[in-house]
Each structure stands twice: as C-alpha cells, then as structure tokens.
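Colleague: I am new to this structure. Please take me through a single part of it, the salt bridges, step by step.

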Amino acid sequence: MTEKFSKEPADAPPGGSSTPATASTTVTPSSSPAEVIKAIPVRHYGRWVSGVIVIALLLLLGFSFSQGDIQWHAVPDKLFDETVVAGAGRTLLISILAMIMGVVLGVVLAVMRLSKNPVTNSVAWAYIWFFRGTPVYLQLLLWFNLALIFPVLNLGPLYKDEMTDVMTPFLCALLGLGLNEAAYMAEICRAGLLAVDEGQTEASQALGMSHAKTLRRIVIPQAMRVIVPPTGNEFINMLKTSALVFAVTYNELLRSTSTIGSSSYAVMEMLFVAAIWYLVMTSVFSVFQYYLERRYARGSLRSLPATPFQKIKANLFGNRGSGSVR
C-alpha cells in the first residue's frame, strides 16, 4: 500500500488550510506617514553665562591696565635692547649648563641610590635630602658667601687663590642651580631605572654581562622613555628658576631689565619686557618638549596623538585624518 504524503507546508495551521501561519500576523502599514524624530540639543545656559562673565572680567582687567600709569611704548622700544638681549642669552646659557650638570650628576646619584653598597647609598640619600629640603635661593646665598668660611681656596700645589676671586657670580649661579637640579634629576632617573622590568637585568646577567654593561646597554636605554619627558619639563622650570641668580649679582635677564628700569624709571615696563622674554623662551621649549614626549611614547602607545598642526588641519579641512597617527 502506497503512502500518500501531504503537500501542505509543515507550519500549516490545523484544518488543512494552505495559508501560512505568518499570514495572520502580517502588519499592515499605517495609513498616516511616520513622523521624523527631531533631536533637540540640550541648551547649556550655564556655559554661556560663565563664558560671558570670564570675558567681561578679562576686558575689565585689560581696561584697568590701559588706564594705569604705564608707558606702553617703552615695552616694544626696549624689547630688543642690547642689554636685554644679552641678559636673555646669559639666562639661556646658565640654564643649559646647569641642566647638563644636573642630568650628569643626577644619573650618578640615581645609580648610587640603587647600589647595594650602604656607603654610596647613604651618601646619595643625604645629598638628595639636603638639596631637595632647602630652597634654591638659600643655596645660592651659601655659595655666594662661601668666602666668609673659607677666605682662601687652597688645593695644595695644584691651585691656590682668594675665594672671592674663585666664586664669581657665574660660578655661584652654576653651582647653585646645577647641584640643586641634580637632586631632582636623581629621583627622576631612579624612577626610570626602576620602571625597567627586572627580567631584563636577569637576562643580561645570564648572558654574562657585567653590572655596568647591563646598565649601559640594557637598562638605561629602556629607562630613557620614562626619564626624557620629565627632563624637558625640568629644563623649562630651570629657565624660570634662573631668575633667582639675581641674588648673586649674575647679570641675567631679570637683573638686566631691572637695571634699565631703575635708571629710566620704567620699572613696570621693564618687568613686562622680562615677562615677554620668559614666555617666548618657555613656549619655544614647550614645543620641543611636546615632540620629544611624543617621540618617546612610540613604544608605549598603539597610536600617537595628533600634533598641533594636524589638529589645526583637521579643524580647517574636516575630520579626515584627524585621528591618532603612527
């Protein structure tokens, strides 16, 4: 006996109806057209109010200065005066030399702090403790008045001279800034060295490398990624801290402008000139610091942040290519 197979679909409703079950659930379109949803942005009235208040305060501050007894024409006239430019050059010179001294001595102190030798470790700790715990201004005065304790610098057959002739204003400024900076650079370098995984040191020692060679070839190159960015920030801070060498009669930018101001009775005007020069120098080196940090971030970030020029280009020509770049 031959079986007869039903040709009705498997999901057919009972009763042999050939209409699919889904036919009864068909949604008929609405007779009225669908309304378009319109998103209305939230209005932040507080932002507008605070912005107007800040702008009004800035305008009020500018108006107050404009009405003050200030000879504004003296600012551009003295901005590139020979004495001012020479003072700015000496500020830059003493900052660079003091920073070099601080970096070199800071690396040595950081290695001493990480040493297992209790003597070198204790000496490095005491150095950092003293120079970080006392003001830079006080340290400058100590070097400047060192002749009160040691009138003569006597190094035996090597060198002998009056301490007042040895401790010139330049040398006092260099020692005061450089030795103080070394204490801060020591902590920065120590943090960078500790950031390197201990497995790197163990692997180099397993290859037969000495401790000094491990530091020079393995640890320090990897620690530079942590050390370099804050070092740039320290140099920018050094440019401003160099104004304290005014106390040891070193003729840097602030002293040069103050001398002109006291003789021409344009004290505030020359202070504005000094402020402009400091702002220009710190702004230029801030740009260098940004690109230096960006360069050393290549090993830690999957994509680098956009540079200021790339951000400006993205704002002017759209969002294409405004994201992070390699």
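Modeller: Start with a term: a residue counts as partly exposed when its relative accessible area lies between the buried limit, under 20%, and the exposed limit, over 50%. Keep in mind that this is a predicted model.

R132 has 42% relative accessibility, so R132 counts as partly exposed. Its side chain meets that of E187 in a salt bridge, at 3.7 Å from N to O. E187 lies in helix α7, residues 169–195, while R132 lies in helix α4, residues 118–133, so the pair ties together parts that are 55 residues apart in sequence.

Now turn to R190. R190 also forms a salt bridge with E187. Here the closest N and O atoms are 3.0 Å apart. This pair stays within one helix: R190 and E187 both lie in α7. They sit 3 residues apart, about one turn of the helix. R190 has 21% relative accessibility, so R190 too counts as partly exposed.

Put the pairs together. The structure holds 2 salt bridges. They share partners, and they join R132, E187 and R190 into one network. E187 takes part in the bridge with R132 and in the bridge with R190. One link runs between helix α7 and helix α4. The other link lies inside α7.

To find this part in the view, go to E187 in helix α7. Then look for R190, 3 residues away in that helix. Finish at R132 in helix α4.

How values were computed: Residues numbered from 1 in each chain as written. Predicted model: local features only at pLDDT ≥ 70, side-chain atom pairs only at ≥ 80, totals over all residues. Heavy atoms only, no water. Salt bridge = Lys/Arg side-chain N within 4 Å of Asp/Glu carboxyl O. Helix = DSSP H or I, 4+ residues; strand = E, 2+ residues; numbered from the N terminus. Buried < 20%, exposed > 50% of the residue type's maximum accessible area, 1.4 Å probe, protein only.
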